[in-house]
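Subject: The structure I promised you

Hello,

Here is the structure we talked about, with the sequence alongside. Please open it first, and then read my notes below with the model on your screen.

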Amino acid sequence: MSHLSHPAPARTSADPADGPTVPARRFARRLPVVGAIAAGGVLLLAGPAFAHVSVQPEAAEKGGYATVNFKVPNERDDASTVKLEVNLPTDHPLASVMPQPVPGWKVEVTKSKLDKPLEMHGEKINEAPSKITWTADGKGVEPGQFQQFPVSVGQLPEDADQLVFKALQTYDDKEVVRWIEPAKEGGAEPENPAPVLKLTAATGDGHSAGAAGEDAKGGEDGGKHTAAAEDMADSDTTARVLAVVGIVVGLTGVGFGVLAGRRRSS
């Protein structure tokens with residue numbers, strides 16, 4: 001008796017024995033690229049939030065005195081910050097500027113003659129502080145750290161909504177970063193934004209120390225901490241990172257949806 005041979009059933013492209021389908025393999029190859037783009041997006045959005053020189057607290061009352069900190073993070077991996085120059089506003093001069101001593105740093109206050117004299121406590125003032133310069137006499141602000149420079153300022157103007165402090169940050173390799181770009185209302189944050197102190201309507205006794213005052217009293221180490229610890233408390237950075245993560249998750253879902261559609265159509 002002859003035995004008829006029957007051909008083995010052909011496997012379809014969806015047979016598990018064949019491994020992942022072509023679209024699946026293509027999508028898997030693209031995942032590392034998507035991940036790299038997403039990681040880059042997180043860095044681009046989160047980086048500026050904790051890299052620039054800033055004023056803390058961000059606001060003070062008009063017409064009074066305030067203690068503020070100029071916060072200087074080191075954004076380099078191979079250099080230390082050894083000098084900070086803060087230019088005080090000339091359109092609204094400050095008659096009183098008193099820096100708090102910071103261990104490891106020398107400070108100098110430069111005064112300039114005023115075009116229009118100020119009147120303070122019944123006296124006319126013909127010159128006012130125009131610049132504060134801190135120079136490290138040690139290692140300075142090393143990579144992965146930041147430094148706070150407390151200053152008592154006043155009398156704050158009553159006819160302005162903000163004060164802009166243009167700052168120059170110098171590294172030990174002679175690089176100078178100029179934090180001098182004013183932010184425009186409703187626009188994107190500049191690449192090198194200048195520190196800004198918002199001025200609010202007076203509600204108290206004319207003395208507003210806020211968080212900066214507490215930091216100044218408790219900073220025997222000069223306000224030096226690791227940048228990582230401070231950045232964990234930065235809610236703005238967290239919000240931006242979460243937004244990027246949400247976008248990445250959405251893009252991943254779209255990718256899987258496209259893949260599923262291709263498999264159904266095949």
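A residue is called exposed when its relative accessible area is over 50%, buried when that area is under 20%, and partly exposed in between. With a relative accessible area of 55%, D161 is therefore exposed. Please keep in mind that this is a predicted model.

Salt bridges

D161 is a good place to start, because side chains of opposite charge can pair when their charged atoms come close. The side chain of D161 meets that of K62 in a salt bridge, at 3.1 Å from N to O. This pair ties together distant parts of the chain: D161 sits in the loop between β8 and β9 (162–164), K62 in the loop between β2 (59–61) and β3, and 99 residues separate them.

How many salt bridges does the structure hold? There are 4.

Another one joins E85 and K131, whose side chains meet at 3.4 Å, N to O. Here too distant parts of the chain are linked, with E85 in strand β4 and K131 in strand β7, 46 residues apart. E85 has 14% relative accessibility, so it counts as buried, whereas K131 is partly exposed because its relative accessible area is 24%.

R76 pairs with E75, and their closest N and O atoms are 3.2 Å apart. Both partners are partly exposed: R76 has a relative accessible area of 22%, and E75 has a relative accessibility of 28%. Which residues are linked with R76 in a network of salt bridges? They are E75 and E175.

The nonpolar core

Next, have a look at the inside. The largest nonpolar core has 32 residues, and those touching the most other members are F70, L84, V86, W134, F149, L156 and F165. Two or more residues of this core come from each of β3, β4, β7 (123–136), β8 (145–154), β10 (166–171), β11 (176–179) and β12 (196–200). Which element gives the largest share of this core? That is β3, with 4 residues.

Pairs brought together by the fold

A few pairs of residues are worth picking out with the distance tool. V153, in strand β8, has a relative accessible area of 2% and so is buried. Its C-alpha atom is 6.9 Å from that of L94, although V153 and L94 are 59 residues apart along the chain.

S96 belongs to strand β5 (residues 96–99). Is S96 buried or exposed? S96 counts as buried, because its relative accessibility is 17%. Between the C-alpha atoms of S96 and L156 the separation is 9.3 Å, with their positions 60 residues apart along the chain. L156 is also one of the core residues that touch the most other members.

D137 is in the loop between β7 and β8, and at 53% relative accessibility it counts as exposed. D137 and V82 lie 8.1 Å apart, C-alpha to C-alpha, and 55 residues apart in sequence.

The surface

If you colour the surface by charge, look for a negative patch formed by D77, D78, D172 and D173. D77 is in the loop between β3 (65–73) and β4 (81–87). With a relative accessibility of 75%, D77 counts as exposed.

Backbone points to check

Most residues other than glycine have a negative phi, and most peptide bonds are trans. Three places in this model go against that pattern, and I list them here:

- The peptide bond from Q56 to P57 is cis, with omega near -5°; P57 is in the loop between β1 (54–56) and β2.
- The peptide bond from G154 to Q155 is also cis, with omega near -15°; Q155 is in the loop between β8 and β9.
- K174 is not a glycine, yet its phi is positive, at about 80°; K174 is in the loop between β10 and β11, and it is exposed because its relative accessible area is 71%.

Do write back with any questions once you have had a look around.

Best wishes

Notes: Residues numbered from 1 in each chain as written. Predicted model: local features only at pLDDT ≥ 70, side-chain atom pairs only at ≥ 80, totals over all residues. Heavy atoms only, no water. Patch = residues over 30% accessible without salt bridge, like charges linked within 9 Å, V, L, I, M, F, W, Y side chains within 5 Å. Areas by Shrake-Rupley, 256 points an atom, 1.4 Å probe, with all protein chains shown as cover. Lys, Arg positive; Asp, Glu negative; His and termini not counted. Charge placed at Lys NZ, Arg CZ, Asp CG, Glu CD. Buried < 20%, exposed > 50% of the residue type's maximum accessible area, 1.4 Å probe, protein only. Core = buried A, V, L, I, M, F, W, Y, C linked by side-chain atoms within 4.5 Å.
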